[in-house]
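Colleague: I am new to this structure and would like a close look at a single part of it. Please pick one helix, show how it is placed, and then walk me outward from there.

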Amino acid sequence: MSKRLMYEFKKKLEELDSYRGKGTELITLYIPPDRNIADIANQLREELSQASNIKSKQTRTNVINGLEAILNRLKLYRKPPEHGMVILSGLVTIDGKEKHITEIIEPPEPVPLYKYHCDSKFYLEPLKDMLREKKVYGLIVLDRREATIGLLKGRRIEVLDYDTSMVPGKHRQGGQSSVRFERLREIAIHEFYKKVGEMATNAFLPHKDKLVGILIGGPSPTKDEFYQGEYLHHELQRKVLGLFDVGYTNESGLYELVDKAKDLLSEVDLVREKNLMNRFLYEISRDGLAVYGEEEVRRYLELGAVDTLLVSEDLRLERVRYRCPTCGAERVVTLKGKAASRQICEKDGVEMEEVERIDIALELSEIAERMNTKVEFLSNETEGGEMLLKAFGGIAGILRYKPK
Ligand SMILES: [Zn+2]
């Protein structure tokens, strides 16, 4: 999923997260892709008949309305969408007004569970989990007997391949010369490393664009031999971030490896954001290829002059267009978050009406996508991200060239 869609999804979740019901009457329904819609409708009808037992009249009415709204929406589906869906329904207060909302979210990743949930707020945790950026790391654990290959995606570990070796144990059988035995053993080890390298190629190369790095785990000196012997495809070899001692070389070893590497993994994120900001600051300091601030960045983006657009993830700026109902005059202002503002027409003194509201981060990243500009959303949790938001208004660009 593109970063822009991710940002949009995040914003939607923030909005849903801000809603509160008066009682335990906000319904969240998680439907995984493989569920049968008719079964779910039956379960909801069951809930509907039980809802008549709810003591508070107001909660009862709202739960029943919510369930009916969901049942009505379900009629539109013969089966769940590709990734399943999450349906949210309930009476919420927006701008001081009560309003019944029903929303269907088709998330960027498969819905991982079936769940019917009633509370005074919507249940959003599984959706929020999908927001954690899905960087992909390659994982290899090996010793001389077995090897396991996997991927770390976000916080999930996926096993991709497993194999055992033909390497004989350390002790030779009677009748074999020890020199010959050692020689055979070395050949078998070499063959096994080669095989693990091929397994890694098959497993990782298809993901190479998303692959941030590779971690190798195992006992010493096996993992070091494997790394130093350059058994990995050269494109993968370059991506090795570190070698770690782990006790297991099966699936458990993959978990152990990620655990051992966690400091390194968080460092990778920090370093990436820091490097981006350093590049930007360097250009600023020599009055070179850098711009910041909404207007300037927009202008350069539209010229196609921006190489990388840097946007703070916590930027909540909206461009709001107002129109005078009498003379049709228009005015565009930038507002923070959902803020409203009173705009009076200069010609006739009439209050103007809001006709359009656009999220600036989304708008700029849309232009960026059109212009082949890279987009980077920087989190506010890193030093670089914080500086972008506080010192540069949350919007900056590193330029390809400086237009005259
Ligand atoms: Zn007017």
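Modeller: Let us start with what α8 packs against. The model is predicted. The buried residues of α8 pack against five strands and a helix: β5 (136-142), β6 (146-153), β7 (156-164), β8 (211-218), β9 (240-245) and α9 (262-285). Which residues of α8 are buried? The helix covers residues 251-260, and the buried ones are Gly253, Leu254, Leu257 and Val258. Look down the axis of α8: these buried residues fall within an arc of 140°, so they line one face of the helix. The spacing follows a general rule. An α-helix has 3.6 residues a turn, so residues three or four places apart point the same way.

Now move along the chain to a group of strands. Strand β16 spans residues 395-399, and four of its five residues are buried. It is mostly covered. β16 pairs with β10 (residues 290-292) in the antiparallel sense, over three bridges. Within that pairing, alanine 290 has isoleucine 398 of β16 as its bridge partner. β16 also pairs with β11, which covers residues 306-312. These two run antiparallel and are joined by five bridges. Here valine 311 is matched with isoleucine 395 of β16.

β11 has a further link, to β15. Five bridges join β11 to β15, and the two run parallel. In this pairing threonine 308 stands opposite lysine 374 of β15. How enclosed is β15, which covers residues 374-378? Four of its five residues are buried, so β15 is largely enclosed by the rest of the structure.

Next come the helices around α11. Two packed helices are described by the angle between their axes and the distance between the axes. Take α10 (residues 294-302) and α11 (residues 360-370). Their axes are 9 Å apart, at an angle of about 20°. That makes α10 roughly parallel to α11, since angles under 35 degrees count as such. The crossing of α10 past α11 is left-handed. Which residues meet? From α10 come Glu294, Val297, Arg298, Leu301 and Glu302. From α11 come Ile360, Leu364, Ile367 and Ala368.

α11 also packs with α1, which covers residues 3-17. The angle is about 165°, and the axes are 10 Å apart. That makes α1 roughly antiparallel to α11. On the α1 side, Lys3, Arg4, Tyr7 and Glu8 make the contact. On the α11 side, Ala361, Leu362, Ser365, Glu366 and Glu369 make it. α1 passes α11 in a left-handed crossing.

Turn now to another sheet. It is open, has four strands, and follows the order β3-β2-β1-β4 with antiparallel pairing. Which strands stand at its edges? They are β3 (97-105) and β4 (115-119). Each has a single partner strand, so one side of each is left without a neighbour in the sheet. From one strand to the next, the twist averages 10°.

The pairing of β4 can be followed in detail. β1 (residues 26-31) and β4 pair in the antiparallel sense over five bridges. Leucine 26 has aspartate 119 of β4 as its bridge partner. A helix lies over this sheet too. α3 (residues 57-74) lies across β1, β2 (85-94), β3 and β4, and runs at about 140° to β2.

One residue of β4 deserves a stop: histidine 117. Is histidine 117 buried or partly exposed? It has 16 C-beta neighbours inside 10 Å, so it counts as partly exposed. A residue is buried only from 20 such neighbours upward. Leaving aside neighbours within four places in sequence, histidine 117 is in contact with Thr28 and Tyr123. Leucine 88 is 29 residues away along the chain, and the C-alpha atoms of histidine 117 and leucine 88 are separated by 9.6 Å.

Last, a residue in a helix. Glutamate 386 lies in α12, which covers residues 383-392. With 17 C-beta neighbours inside 10 Å, glutamate 386 counts as partly exposed. Glutamate 386 and proline 110 are 276 residues apart in sequence, and 32 Å apart in space from C-alpha to C-alpha.

To return to your single part: α8 has its buried residues along one face, and those residues pack against β5, β6, β7, β8, β9 and α9.

Conventions
Residues numbered from 1 in each chain as written. Predicted model: local features only at pLDDT ≥ 70, side-chain atom pairs only at ≥ 80, totals over all residues. Buried ≥ 20, exposed ≤ 12 C-beta atoms within 10 Å, placed from the backbone. Arc of directions from axis to C-beta. Contact = placed C-beta atoms within 7 Å. Pairing = 2+ DSSP bridges. Axes fitted to C-alpha atoms, helices over the stretch in contact; angles between N-to-C directions. Parallel < 35°, antiparallel > 145°, perpendicular 65-115°, else oblique. Left-handed = near helix turned anticlockwise from the far one by under 90°.
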